[in-house]
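Dear colleague,

Please find below the structure that I am handing over to you. I would be grateful if you could look through it before reading the notes that come after it.

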Amino acid sequence: MTKYTRIVKNVILTILFLGLFVLMLARVMYIFREKSDNLVQDRFAALAPDSVDTVFIGTSHQFCSINADLLYEEYGINSFMLATSAQTVPMSYYAAMEAIECQHPEKIVFEVLYCTNDYKTVTPEMSHTFFDGMPMCKARKMAINDLIEPEQRIYYYLNFGRYHSRWKNLTQDDFQVPSASPRGTFHSEEITYNQSIPVIAKEGKEEMPEEMFNYFEKLVELCRENNVKLILYAAPFNALYDDDSMREDLFRRQRIFNWIGDYALQEGIPFHNLFYELDEIGLDGGHDFMDTQHLNCYGQEKLTRYMAEKGYFD
């Protein structure tokens, strides 16, 4: 064996070893991960390129409101639910960037609840729900560098450092891929009674928090630059608790939704404020809610059909 042959052999063996190591590391990171969320990022990463036409982004209000499987089965709308719990406006901006980079859909549908909040991230747990499983794309790197503190970023690139102590709590389920909707649809049959949702007059308005508006404008521009139609809507919900402070919080959010409506009209962006269509939707407070702020699967199907039949996803 010549010296050149030995060098080539060593290079090949090194590449094979590194490739095997990366695969094993990725598997270990998946096994040790917290899997209480529905792993939508993993399912999105597994999609074939350019295989969906519509992507939904936003918070739990988004994934509790829209059934992507029903949209495909009954209306032929080929979509994916990329919403995650506590997905802030900056996160939604990067989710849109991820969707365009990996799928380049024709439409992105954004539920605007978190436009009423004023923070870039919520908790590390919610941030990991968004980032863990996200494909290794440019959007992921940009989002981590923008939204995560420098000393914490390593745990988002290599999340084993965060979850290594979970070995004591591992179960057989951690070694398997859970069965769930390939389109990211969330399903809950839990029923909680919900009172009638109070709604303010359309004239009541309040500006979106400035930093969130900056990211919101970046989302609008991102879609325009990439020839993606952006559709906005506000899903109906009630006050978290039945007291004056929570009702005022609900009314504050409704005022911001009305302000977003003015902005959307000015920019030529479709916006559907469903608080003003509650009678037409016909939600049943005794059957269609998982809690005071989220629809269950029955309300989700009702709202999905309503929006599809009104042409709101066209």
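The notes below go through aromatic pairs, charges over rings, a pair of helices, and some loop residues.

Please bear in mind that this is a predicted model.

Aromatic pairs

The structure holds 17 aromatic pairs. One of them joins F110 and F216, whose ring centres are 6.4 Å apart; their planes meet at 40°, so this pair is tilted. The two partners come from separate elements: F110 belongs to strand β3 (residues 107-111), while F216 belongs to helix α10 (residues 210-225). The pair therefore ties together parts that are 106 residues apart in sequence. Both F110 and F216 are buried.

A second pair is formed by W259 and Y263. Their ring centres lie 6.3 Å apart and the planes are at 15°, so the pair counts as stacked. Here both residues sit in one helix, α11 (residues 244-267), and they are four residues apart, about one turn of the helix. W259 has a relative accessibility of 18% and counts as buried, because the limit for that term is under 20%. Y263 is buried as well, with a relative accessible area of 9%.

How do these residues come together? F110, F216, W259 and Y263 form one aromatic cluster, together with F213. The cluster thus includes both of the pairs described above.

Charges over rings

Two further rings have a charged side chain over them. R183 lies over the face of Y72, at 3.9 Å from the ring centre. In the other case, the charged end of K202 is placed over the ring of Y276, and the distance to the ring centre is 5.2 Å.

Helices α5 and α10

Helix α10, which carries F216, also packs against helix α5 (residues 89-102). The two axes are 8 Å apart and the packing angle is about 15°. Since angles under 35 degrees count as roughly parallel, α5 and α10 are therefore roughly parallel to each other. The crossing of α5 past α10 is left-handed. On the α5 side, the contact is made by V89, P90, Y93, Y94, A96, M97 and I100. On the α10 side, M212, Y215, F216, K218, L219 and L222 take part. F216 therefore appears in this helix contact and also in the aromatic cluster.

Loop residues

Which residues, though not glycine, have a positive phi of about 55°? D50 is one of them, with a phi of about 55°, and A86 is another, with a positive phi of about 55° too. These values deserve a note because most residues other than glycine have a negative phi.

D50 lies in the loop between α2 (40-46) and β1 (54-57). With a relative accessibility of 57%, D50 counts as exposed. A86 is found in the loop between β2 (79-81) and α5. In contrast to D50, which is exposed, A86 is buried, its relative accessible area being 9%.

The loop between β2 and α5 also holds T88. T88 is buried, with a relative accessible area of 1%. What does T88 touch, leaving aside residues up to four places away in sequence? Its contacts are Y114, Y119, K120, T121 and V122.

With kind regards

Terms used. Residues numbered from 1 in each chain as written. Predicted model: local features only at pLDDT ≥ 70, side-chain atom pairs only at ≥ 80, totals over all residues. Heavy atoms only, no water. Phe/Tyr/Trp six-rings, centres within 6.5 Å; stacked < 30°, edge-to-face > 60°. Helix = DSSP H or I, 4+ residues; strand = E, 2+ residues; numbered from the N terminus. Buried < 20%, exposed > 50% of the residue type's maximum accessible area, 1.4 Å probe, protein only. Lys NZ or Arg CZ within 6 Å of the ring centre and 35° of its normal. Axes fitted to C-alpha atoms, helices over the stretch in contact; angles between N-to-C directions. Parallel < 35°, antiparallel > 145°, perpendicular 65-115°, else oblique. Left-handed = near helix turned anticlockwise from the far one by under 90°. Contact = heavy atoms within 4.5 Å.
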